[in-house]
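Student: I've got a model open and want to quiz you on it. Can we go through it question by question?

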Amino acid sequence: MSNLVRTEPLRGAPPLLVPGDLYSVVVLLRGYAEPEEVGDAVRADGSVTLVLPQPWGRGSSHQESSPVAGSAETALEEAARGPILVDTGGPWAREELLGALAGQGVGPGDVTLVVGTHGHSDHIGNLGLFPGAALLVSHDFCLPGGRYLPHGLTEGRPLRLGPGLEVWATPGHGGQRDVSVVVKGTALGTVVVAGDVFERDGDEDSWQALSEDPVAQERSRKRVLGTADVVVPGHGAPFRVVREASQPERKSCGN
């Protein structure tokens with residue numbers, strides 16, 4: 001007996017809240033990619049997602065206690081004690097992003113960690129709003145002030161941010177250094193904020209044309225689908241991953 005996987009849209013307009021005991025996930029802005037009517041131009045922006053430790057309030061922000069020494073692992077876990085922003089959208093969405101954060105009671109100064117899934121402008125165009133946050137952009141990790149720390153992230157070795165919260169190496173779309181954020185234990189199960197590993201639900205006919213390494217991205221997509229209950233793609237609505245057990249074929253008996 002094997003598992004068949006299908007996907008279906010997760011209904012609801014942003015901000016879309018997925019609560020959890022340890023971390024809640026809020027899809028603040030839904031990414032999009034819309035071809036223009038003339039020529040090959042596409043108007044696009046990336047999804048923006050907030051991961052909030054529970055409970056969290058402005059008084060519990062750890063901005064002031066961010067470590068200045070020690071390992072990347074320690075620094076990442078410290079930074080992840082406050083609000084975590086996964087991708088920032090493009091600079092043209094600055095005011096929309098600020099408004100969406102404010103709607104969750106979060107200001108730019110409250111964000112303690114920003115994860116950029118890859119280095120395209122529609123995903124990290126607002127990093128300048130968060131000078132006090134630690135930054136993990138692709139595989140580059142730095143503390144406020146530009147202090148870079150090595151960490152050893154690989155496909156076989158994720159980065160732990162907290163209990164049930166990890167960063168995975170998911171190469172392919174932007175080359176070898178794309179990452180995804182994995183949040184376990186939410187009300188909907190495991191949520192994977194996948195950047196452009198998935199452009200959108202039902203992108204099977206289009207993602208390869210946008211990939212710098214389709215072989216690696218296919219591997220990343222299978223890995224995500226094997227773990228996630230919900231995927232937040234880079235340019236579309238979140239979607240559920242539904243696994244169904246296939247029944248073995250019955251052998252007919254001859255007379």
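Student: Is Asn126 buried or exposed?
Tutor: Burial here goes by relative accessible area with a 1.4 Å probe and protein chains only: under 20% is buried, over 50% exposed, and in between partly exposed. Asn126 has 4% relative accessibility, so the label is buried.

Student: Before we go on, what sort of model is this, and how are things counted?
Tutor: This is a predicted model, where local features need pLDDT of at least 70, side-chain atom pairs count only at pLDDT 80 or more, and totals for chains, interfaces and linings use all residues. Residues are numbered from 1 along each chain as its sequence is written, and side-chain values use heavy atoms, leaving out hydrogens and water.

Student: Where does Asn126 lie?
Tutor: Helices (H or I, at least four residues) and strands (E, at least two) are DSSP runs numbered from the N terminus. Asn126 falls between helix H3 (121-124) and strand E9 (134-137), in the loop.

Student: Which residues is Asn126 in contact with, leaving aside neighbours within four places in sequence?
Tutor: Contact means heavy atoms within 4.5 Å. With those neighbours set aside, the partners of Asn126 are Thr88, Gly89, Gly90, Pro91, Ala93, Arg94 and Leu97.

Student: What about Ala13, buried or exposed?
Tutor: Ala13 is in the loop between strand E1 (3-9) and strand E2 (16-18). Its relative accessibility is 56%, so Ala13 counts as exposed.

Student: And Trp56, buried or exposed?
Tutor: Trp56 is in a loop too, the one between strand E6 (48-53) and helix H1 (72-79). At 18% relative accessibility, Trp56 counts as buried.

Student: How far apart are the C-alpha atoms of Trp56 and Glu244?
Tutor: Along the chain, Trp56 and Glu244 are 188 residues apart. In space, their C-alpha atoms are separated by 36 Å.

Student: What radius of gyration does the protein chain have, against a compact globule?
Tutor: The radius is taken over C-alpha atoms, and the globule rule is 2.2 Å times the number of residues to the power 0.38. For 255 residues that puts a compact globule near 18 Å, and the protein chain agrees, with 19 Å.

Student: What share of contacts in the protein chain join residues at least 24 apart?
Tutor: The pool is contacts between residues at least 6 apart in sequence. Of these, the share joining residues at least 24 apart is 64%.
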